[in-house]
Amino acid sequence: MKKLPLLILLFIVGISLVFAVSQSETVTQKAPTFEDAIAIIKKYEGLSGPSHWPFVGYGHKVMPGEKFTRGKKLTEAEADALARADYAKLCAKYREFGADSLLLAALAYNCGPGVVAKSSVLSKLKAGNRDIEASYIAHSRYKGKQLSQLKRRRQEELATLFVKDPSSLTNIEKLPGENTDEILEEEVTEITNLSYPENSEEKKDSLKTPL
């Protein structure tokens with residue numbers, strides 16, 4: 001009979017240790033990073049080729065005035081730098097959301113800032129409601145139909161870039177700030193210069209969408 005209280009005491013101590021370790025792991029949880037997001041973007045966007053025009057690099061849509069050569073595929077280094085520049089600007093757009101800016105920027109990279117602006121994901125985060133999983137996964141539909149690849153992407157973004165309790169993070173990296181455009185201007189210019197058309201007629205043609 002004397003062994004029973006001892007066993008109970010050992011059980012209580014064991015449970016306490018497990019709880020303490022669990023709490024410790026929560027406190028030191030690794031924050032999502034810019035690199036985590038870039039890896040997901042590159043994985044799901046894929047490197048665009050000439051047939052994907054007006055998209056170049058990793059899902060960058062060529063806009064009027066941007067000097068990319070139609071029919072020329074960017075190198076991995078060029079595409080990587082362009083993706084980082086695009087994503088950094090989006091992170092800066094959502095900087096007020098702190099660590100959540102990584103997730104919002106990832107969604108905007110794929111769906112566009114306009115979609116994010118109207119989304120319940122954004123409105124919930126603004127209101128302090130962090131129960132966003134269903135709302136975030138909902139952004140995996142195209143013309144009313146859910147696409148399996150988009151759903152996997154949303155799930156991976158959520159699992160990698162979203163933290164239920166940001167206060168538990170102790171190592172949030174410094175995110176792109178207000179001077180993002182200035183920091184990246186030289187880099188982006190260098191990327192686009194690598195793809196300048198040779199003459200004015202080619203420049204005009206490079207901005208046309210194929211029939």
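# A tour of the predicted model

Begin by selecting Lys143, which sits in the loop between strand 3 (141-142) and strand 4 (145-146). The structure on the screen is a predicted model, and every stop on this tour should be read with that in mind. Lys143 is exposed, since its relative accessible area is 75%, and its phi lies near 55°, which is a positive value in a residue other than glycine. For background, most residues other than glycine have a negative phi.

**The whole chain**

Now show the whole chain as a cartoon, where 10 helices and 4 strands can be traced. If you follow the sequence from its start, these elements come in the pattern α-α-β-β-α-α-α-α-α-β-β-α-α-α. Of the 211 residues in the chain, 38% are buried. Among the contacts that join residues at least 6 apart in sequence, 62% link residues at least 24 apart.

**The loop after helix 2**

Next, select the loop between helix 2 and strand 1 (55-56), where Ser48 is found. Is Ser48 buried or exposed? With a relative accessibility of 9%, Ser48 counts as buried, because the limit for that class is under 20%. If you leave aside residues up to four places away in sequence, you will find Ser48 touching Phe55, Val56, Gly57, Gly59 and Lys73.

Stay in this loop, between helix 2 and strand 1, and select Pro54. The peptide bond that leads from Trp53 to Pro54 is cis, and its omega is near 15°. As a general point, most peptide bonds are trans.

**An aromatic pair**

Select Phe34 and Tyr87 together and show their side chains. A pair of aromatic rings is described by the distance of the centres and the angle of the planes. For Phe34 and Tyr87 the centres are 5.1 Å apart and the planes stand at 55° to each other, and the pair is classed as tilted. The count for the model comes to 1 aromatic pair. Phe34 belongs to helix 2 (residues 34-45) and Tyr87 to helix 3, so the pair ties together parts that are 53 residues apart in sequence. Phe34 counts as buried at 13% relative accessibility, and Tyr87 likewise counts as buried, at 0%.

**Helix 3 against helix 4**

Colour helix 3 (residues 76-93) and helix 4 (residues 100-111), which pack at an angle of about 125° with their axes 8 Å apart. The two helices, helix 3 and helix 4, are therefore oblique to each other, and their crossing is right-handed. To see the contact, select Ala83, Asp86, Tyr87, Leu90 and Cys91 on helix 3, together with Ser101, Leu102, Ala105, Ala106, Ala108 and Tyr109 on helix 4. Sorted by class, the residues of the contact between helix 3 and helix 4 are 9 nonpolar, 1 polar and 1 charged.

Within helix 3, pause on Asp86. At 19% relative accessibility, Asp86 counts as buried, because buried means under 20%. Which residues does Asp86 touch, not counting those up to four places away in sequence? They are His60 and Tyr109. Asp86 and Tyr109 are 23 residues apart along the chain, and a distance drawn between their C-alpha atoms comes to 7.8 Å.

**Helix 4 against helix 8**

Keep helix 4 coloured and add helix 8 (residues 148-161); the axes of helix 4 and helix 8 come within 9 Å and cross at roughly 160°. Helix 4 and helix 8 are therefore roughly antiparallel to each other, with a crossing that is right-handed. On helix 4 the contact is made by Leu102, Leu103, Ala106, Leu107, Tyr109, Asn110 and Cys111, and on helix 8 by Leu150, Arg153, Arg154, Glu157, Leu158 and Leu161. The contact of helix 4 with helix 8 contains 9 nonpolar, 1 polar and 3 charged residues.

**The last stop**

Finally, move to the loop between helix 8 and helix 9 (180-193) and select Pro166. Pro166 counts as partly exposed, at 28% relative accessibility. Add Gly98 to the selection and draw a line between the two C-alpha atoms: Pro166 and Gly98 are 68 residues apart along the chain, and the separation of these atoms is 8.9 Å.

Note on methods:
Residues numbered from 1 in each chain as written. Predicted model: local features only at pLDDT ≥ 70, side-chain atom pairs only at ≥ 80, totals over all residues. Heavy atoms only, no water. Axes fitted to C-alpha atoms, helices over the stretch in contact; angles between N-to-C directions. Parallel < 35°, antiparallel > 145°, perpendicular 65-115°, else oblique. Left-handed = near helix turned anticlockwise from the far one by under 90°. Contact = heavy atoms within 4.5 Å. Nonpolar A, V, L, I, M, F, W, Y, C, P; charged D, E, K, R; others polar. Phe/Tyr/Trp six-rings, centres within 6.5 Å; stacked < 30°, edge-to-face > 60°. Buried < 20%, exposed > 50% of the residue type's maximum accessible area, 1.4 Å probe, protein only.
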